[in-house]
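Please open the structure in a viewer and keep the selection tool at hand. The tour below proceeds from one selection to the next.

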Amino acid sequence: MARLREALAGTAYAELNKIALYGPSTRAGHTLDYRFVQALPGGGFDFRAGCGHSLLACVVADGRPGPVTVRALTTGDTIRCEGEGEGEGEGERVAEREPHGDRGAFTLGFLRAPTAPGTLPTGRPVDVLSGVPVSLVRYGNPYVFVDARHLPRHGDDALRDQLLALRADAARILGHPPGSALPKIAVFADGPEGLSVRALTVGGWHPRLALTGAAALAAAGALDGTVVPAPAGPFCTLGGTVTVSAAADRIRVHQKRAEVPGTLELPWRVHATA
């Protein structure tokens, strides 16, 4: 991974900090195995997080017809990626005429019940961090969800600093180093026009909301007693609306897009000794 970052340093992708590794799955019933690596400021890496957008990018880059079932090695999730028109029982028909790269929107289904053991890592729907009630949820990624009513409104910088402090408290509870990429954290407001959500990512505000964050939010909303209300229809983020749905056995994130803008040849060399 360090060699990869060095190779990208002189390209237009020098600031790229998300790396996805994928290939044919070794497990029956799965199409692809996928591993996510988060590049951290200062040159380090975090190998424990997940990234739904990079997972979808791997599906599109691989190009095989679908639906495609992906095993996420870093988080243990199984995600089913379906292009538009690939509902249950329709995948075979659609797959015959359209490779993934030619389609637009996808639905990603996280094939785990929101009520499954481990979704609430502390066993409680609400924990109190520095006097603030939050819900800690592990679904796709571990997340901290905070109701904006419990935070002072003093601008983006103050809000970011308070969220970072709460995130550090949660990291200690969940056993993550304070400098790691986990847990993620998001703040929401529930108003007359519906739910709006803002989240932090490595380096600042997320431009929209991580796909795993959308799944975790829907899972939290499907559980009794959490601080998160069940999303009723699309909810708002900094970059637009996001649509999720919850079922007894899975969470779906709808209308997600990915494309392959081009390829980049890197100067890899393989050395082997025997």
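Select Tyr 143 to begin: in this predicted model, Tyr 143 has a relative accessibility of 2% and therefore counts as buried, the limit being under 20%. Add Phe 145, which is likewise classed as buried, with a value of 1%. The ring centres of Tyr 143 and Phe 145 are 5.5 Å apart and their planes meet at 10°, so this pair is stacked.

Keep Phe 145 selected and turn to the interior. Together with Leu 55 and Phe 235, Phe 145 ranks among the residues with the most contacts inside the largest nonpolar core, which comprises 45 residues. Next, highlight residues 211-221: this is helix α5, the element that gives the most to this core, contributing 8 residues.

Then select Leu 55. Which residues is it in contact with, leaving aside neighbours within four places in sequence? They are Tyr 34, Val 70, Ala 72, Ile 79, Cys 81 and Leu 108. Apart from the largest core lies another, of 16 residues; to locate it, select Leu 129, Val 144, Leu 159 and Ile 185, which are among its members.

Return now to the aromatic rings, of which the whole structure holds 3 pairs. One of them joins Phe 45 and Phe 47: with centres 6.2 Å apart and planes at 40°, the pair is tilted. Phe 45 is partly exposed, at 21% relative accessibility, and Phe 47 is also partly exposed, at 46%.

Finally, select Arg 198 and Trp 205. Arg 198 is positioned over the face of Trp 205, at 4.0 Å from the ring centre.

Conventions
Residues numbered from 1 in each chain as written. Predicted model: local features only at pLDDT ≥ 70, side-chain atom pairs only at ≥ 80, totals over all residues. Heavy atoms only, no water. Core = buried A, V, L, I, M, F, W, Y, C linked by side-chain atoms within 4.5 Å. Buried < 20%, exposed > 50% of the residue type's maximum accessible area, 1.4 Å probe, protein only. Helix = DSSP H or I, 4+ residues; strand = E, 2+ residues; numbered from the N terminus. Contact = heavy atoms within 4.5 Å. Phe/Tyr/Trp six-rings, centres within 6.5 Å; stacked < 30°, edge-to-face > 60°. Lys NZ or Arg CZ within 6 Å of the ring centre and 35° of its normal.
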